[in-house]
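Let's walk through this structure together, one region at a time. Keep the model open beside you as you read.

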Amino acid sequence: MLLVAGLVGRGEARQAKTLAEIKTSKSITVCADPDNLPFSSRDPGAPGYDVDVMRLVAAELGAEAEFKWVSTVSARRALANLTEGECDLFPGLPVSPGFANEYPRLAFSRPYYTMRHVIVARAEAGIGGVSDLRGGPTAVEALSPADLFLLGKGYPRRAYRTQEAAFAAVRSGEARTALLWVPKAGWLVQRSGVSDLTMTRVADADLAVDVGVAFPRMDQALAAALDQAIAKLRANGTIASTLGRYGVPLVDGRESTARTILPVAWLPRRAQRVVQLAQAPGATPDPIEGRFLFESNCEQCHGIDGRGGGAVPPLRAYPLGGEERFVRAVLEGRNARGMPPWGGLLTDVQARSIFAYVHALVPVIETAPNAPLEEQARQVFGQICATCHGREGGGTRIAPSLQAFKGTDEQFIGTVLDGRQGTAMAPYRSVFSPEVARKIREYVRALVRTN
Ligand code: HEC
Ligand code: HEC
């Protein structure tokens, strides 16, 4: 009975159409951003080229495209529309293994164009190519491929929340140059009315992203039909001329353009978990949320244990009073030195959640050194270990139970002093003495007994 009910329930839920259903109903629903020109817009007078291209693709499938307008500010939320069956296709997404890995329930068509970058500068800056950006700073969208590209090269950069803001920085003279998506830059330059702006194309392969259409299910027939439609529209020049209408030029005989999805969506795989902006205001800091935020946003530079690497210095130990300094560093960033500003992307409370976690990751202990060892152990446990292992040592989502520890005392103490490489379990040898570690073992044992 239950099984039958389950099946019925699933049958009634909305589901994206198969190719056969598209052909019978002669209709296909496409999700697109209502306000993201030149990519897409709900304004029928200037719909954007993703909309135009999707109309052409739909016609190739024997259907008419209907649009459902969804904001792409959060890529994850936008793409949920596909898995929930609210639309059948979502154009303008990177066709890359990293991105596809993040969305295992989606499939991606072959690309209909390759998005590239340009350097926007004042004519007098005399920009001839990427190497001229060394004299920086260059304005970029925070955490976009351009941002990571310049970081990798060690060139000075200044991060902004959007392509538009990075462009405005060049316009106002705040930045000498900006590294932007080709179509967005062309669109903005055209509309700015500033005549002495130059656009220098960047050929670097790291800055070329193939863009295709996502769809929600492994319908082989739909995948083949989409690929065929795109191949035909590319070969007969229809896509090129559509992009051309929006001032997006061709490169290397390929259509060259771009799209702004939420920047974090373009990050390397580990970093792609979307920044959580949904936290209610006034919520209290939570080290466990802090850990997830740290992993999503900070770990790729600061390292899993906060010890840095390459150009990134280890996060300093922040005594408890250092919270304000930490939060300021995170929200304001140190842009010229490669630390992005997170204000606007993370809330104050979220920065404090990260602090609560980092404080445990890179500990300072505030115990009186002359206090009895038992007292030191108790304080260390409360100030450091409890953040990850829980108040009672019973374990949390981010660290195992210490009450359930099955090894010997020596193994426990060894783990505490030497840590576990490649995990958040840091070595504490330089933080407290082996005698204190032994007392912590006893303290945990006592916790087990009292529970
Ligand atoms: C793109 C690389 C990158 C990312 C991502 C990044 N940082 Fe940084 N961070 C840096 C660099 C480089 C510095 C050093 C800046 C300097 O020299 O002043 C730094 C410095 C800091 C500092 C000040 C250093 C200190 O100990 O006083 C704090 C705090 C910090 N980062 C926290 C964070 C947090 C929290 C996140 C995630 C929300 C984060 N960072 C994400 C690169 C990064
Ligand atoms: C930043 C989070 C964090 C903090 C702080 C932390 N731990 Fe851990 N700890 C971990 C994680 C994660 C593991 C699991 C490591 C692994 O996967 O092997 C772990 C493992 C351990 C283990 C081995 C458990 C087992 O079953 O193998 C012991 C013992 C331990 N921690 C003790 C401590 C003590 C004592 C402290 C305080 C001095 C402490 N930890 C602080 C995250 C933390």
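**A guided look at the model**

Turn to helix 8, where the buried residues are covered by parts of the chain that include strand 7 (113-115), strand 8 (117-122), helix 7 (163-171), strand 11 (177-181) and strand 12 (197-202). How many residues of helix 8 are buried? Of the 11 residues in this helix, which spans 182-192, 8 are buried, so the rest of the structure largely encloses it. You can pick them out as Val182, Pro183, Lys184, Ala185, Gly186, Trp187, Leu188 and Val189. After helix 8 comes Gly193, with a positive phi near 70°.

Bear in mind that this is a predicted model. Its chain has a mean pLDDT of 79, and 83% of the residues reach 70 or more. Residues 1-12 have a pLDDT below 50, and this stretch makes 0 contacts in the model beyond near neighbours in sequence. For residues 251-281 the pLDDT is also below 50, but that stretch has 83 contacts beyond near neighbours in sequence.

Now move to ligand 2. It is surrounded by 21 residues, and the closest are Ala360, Cys385, Cys388, Ala399 and Met425. Which elements give two or more residues to this shell? They are helix 14 (348-361), helix 15 (373-389) and helix 16 (409-418). Helix 15 contributes the most, with 6 residues. By character, the shell around ligand 2 is made up of 16 nonpolar residues, 4 polar ones and 1 charged.

How values were computed:
Residues are numbered from 1 along each chain as its sequence is written. Chains are lettered from A and ligands numbered from 1 in the order in which they are written. This is a predicted model: local features need pLDDT of at least 70, side-chain atom pairs count only at pLDDT 80 or more; totals for chains, interfaces and linings use all residues. A residue is buried if 20 or more other C-beta atoms lie within 10 Å of its own, exposed if 12 or fewer, and partly exposed in between; C-beta atoms are placed from the backbone. Helices (H or I, at least four residues) and strands (E, at least two) are DSSP runs, numbered from the N terminus. Two residues are in contact if their C-beta atoms, placed from the backbone, lie within 7 Å. A residue is near a molecule or strand if its C-beta atom, placed from the backbone, lies within 6 Å of it. Ala, Val, Leu, Ile, Met, Phe, Trp, Tyr, Cys and Pro count as nonpolar, Asp, Glu, Lys and Arg as charged, and the others, Gly among them, as polar. pLDDT is the predictor's confidence in each residue, from 0 to 100.
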